[in-house]
Amino acid sequence: MSLIFTYYLLLFTKRPLKVLIIRQGNYNLILKSEVFDPKIIVTPNWQVFYKESENLFHLAGQTGLHNNIKSNDYLHYETNITCSNNNRNYCVALYLPWDVFFTDNRQLFIISFILICLVSISCGLLVDEHLTTRRSIVSRIRRGLKSGNFYWVYQPIVNLQSGKIIGCEVLARFKDDYGVLTPDQFIPILRQINLTWSFTKIMINTVLNELESAEQLPSGFKVSLNIFPCDVEQGNVLSLPKITGLMQSKFVICLEITEDEYLDSTIAHGYFKTLIESGFRLSLDDFGTGYSNLKNLHNLSFHQLKIDRSFVQDIATEGLKASMIPNIMELVHKFGYTCVAEGIETTEQEVILKEAGVHYGQGWKYGRPMPILEFKEYIANR
């Protein structure tokens, strides 16, 4: 049987040493009590004990802790019982409540919490930046050209005198997972990022495939395609006669040049001449709203002039723009053009434009822009 007691051993004068003596038979085991100094142990709840068969001998620490652990007085993950590798009879029991652990490591947890918050905020900002980039109009347009998010609709053009449909204008639309972009939003961006010609080539391929399948459309049906002035100045339009589908199409292809962008007539003249010789017709779109002048009208040999919808909408109020329509028609007759008025919505507008000598009309009065299937049905019913 072992006897255990605490004793002050005097090895040096005035330097007593507190030790733990374990006596068994004729042998004494002297341990320095510093081994069990509570100041160097993390948890105050510990017990060192010696076990022999079913007997348990307390050596140091909190009496009865081992029994409390064994009887499940504490949560399992807050306790531990470990025995020596050299002598399995000597063991230690520990109980460390989580609140004590958190209290003792408060600064560490505060720093960790701050770091976690900073990492979370940084990740959030990166994700938000990524999503913002994906949602940005520029990114959406770039992806849209590759993913087929652009599509085209067709608005009928009618002869104002007979009421017959003689052609249509092809208008671009855009829709992706983030919603719809209007032409006012994506057209300036296409110019800004120099993707106008890529856009135009996609438009031509798509439109030709869709319209050629429309058996209801007769030969000579006029199809108006919008062309960017920058693609004229850069000479990209010279590729149009090389597109087999355009040259072999049963339709009359009319290239509408918008005048909301400056066009150098000296550069454009030679390109337009090549296009006309190849069988294309040229139309000056949105006349009266941009850079057109009498010199351009004369030098660039357009076949058609389109009166902007703002002039037509002004008819109801008898505004200044409406009063200019007769003057515009004088230019049309002088240069031998045909004329199309956009944005016609009412019979009153139609009557005034007919009396002014306008040849063709386009607008909601005759039909809104329609997807190809709806446009085919519309033509069949007419």
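These notebook entries record what I looked up in this structure, which is a predicted model.

**Entry 1: the sheet with strands 4 to 7**

I began with the open sheet of four strands, whose order I noted as 5-4-7-6 and whose pairing is antiparallel. Strand 5 (55–61) and strand 6 (79–83) stand at its edges with a single partner strand each, so one side of each has no neighbour in the sheet. I also looked up the twist, and neighbouring strands of this sheet are turned by 25° against each other on average, with direction ignored. For the pairing inside the sheet I took strand 4 (residues 45–52) and strand 7 (residues 90–95), which run antiparallel and are joined by six bridges. One of these contacts can be followed by eye, since I found Y95 of strand 7 listed as the bridge partner of N45. As a reminder to myself, strands of a sheet pair through backbone hydrogen bonds, either parallel or antiparallel.

**Entry 2: strands 14, 15 and 16**

Next I turned to a parallel case, where strand 14 and strand 15 (residues 338–341) pair over four bridges. Here K306 has V340 in strand 15 as its bridge partner. From strand 15 I went on to strand 16 (residues 360–362), and these two strands run parallel and are joined by two bridges. V340 appears again at this step, because its bridge partner in strand 16 is Y360.

**Entry 3: K306 and its salt bridges**

How many salt bridges does the count give? The count comes to five, and I spent most of my time on those of K306. The side chain of K306 meets that of E169 in a salt bridge, at 3.0 Å from N to O. This pair links distant parts of the chain, with K306 in strand 14 and E169 in strand 9, 137 residues apart. K306 also forms a salt bridge with E256, and the closest N and O atoms of that pair are again listed as 3.0 Å apart. This second pair too links distant parts of the chain, as E256 belongs to strand 12 (residues 252–258) and is 50 residues from K306 in strand 14.

Are these residues buried or exposed? K306 and E169 are both buried. The relative accessibility of K306 is 0%, which is why K306 counts as buried, the cut-off being under 20%. E256 likewise counts as buried because its relative accessibility is 0%.

For contrast I looked at E374 and R368, whose side chains meet in a salt bridge at 2.8 Å, N to O. E374 is partly exposed, with a relative accessible area of 31%, and R368 is partly exposed as well, at 37%. I then noted that salt bridges with shared partners join E169, E256, K306 and E342 into one network.

**Entry 4: the largest pocket**

The largest pocket has a volume of about 750 Å³. Its lining is made of 31 residues, and E169, L171, P183, I187 and N226 lie nearest its centre; E169 is thus a residue I had already met in the salt bridge with K306. Which helix gives the most to this lining? Helix 5 does, with six residues. Among the elements that supply at least two residues each are strand 8 (150–159), strand 9 (165–176), helix 6 (196–212) and strand 13 (281–287). By class, I recorded 14 nonpolar, seven polar and ten charged residues in the lining of this pocket.

**Entry 5: the cavities**

I searched the whole structure for closed spaces as well, and two cavities of 30 Å³ or more are found. The second largest cavity has a volume of about 40 Å³, and V207, L208, L211, V223, L225, L246, F251 and I253 line it. Helix 6 provides the largest share of this lining, three residues, while strand 11 also supplies at least two. The lining of this second cavity has eight nonpolar residues, with no polar and no charged ones.

**Entry 6: L300**

My last look was at L300, which lies in the loop between helix 10 (294–299) and strand 14 (304–307). L300 counts as buried because its relative accessibility is 3%. The C-alpha atoms of L300 and F272 are separated by 6.9 Å, although these residues are 28 residues apart along the chain.

Definitions and conventions
Residues are numbered from 1 along each chain as its sequence is written. This is a predicted model: local features need pLDDT of at least 70, side-chain atom pairs count only at pLDDT 80 or more; totals for chains, interfaces and linings use all residues. Side-chain values use heavy atoms; hydrogens and water are left out. Two strands pair if DSSP finds at least two bridges between them. Axes are lines fitted to C-alpha atoms, for helices over the stretch in contact, and angles run from 0 to 180 degrees between N-to-C directions. Buried means under 20% relative accessible area, exposed over 50%, partly exposed in between (1.4 Å probe, protein chains only). On a 1 Å grid over the protein atoms alone, a cavity is a set of points where a 1.4 Å probe fits but cannot get out, and a pocket is an open set with protein on both sides within 12 Å along at least five of seven lines; lining residues have an atom within 4 Å of a point. Grid points are joined across faces, edges and corners, and a volume is the space filled by probe spheres set on the points. Ala, Val, Leu, Ile, Met, Phe, Trp, Tyr, Cys and Pro count as nonpolar, Asp, Glu, Lys and Arg as charged, and the others, Gly among them, as polar. A salt bridge is a side-chain nitrogen of Lys or Arg within 4 Å of a carboxyl oxygen of Asp or Glu.
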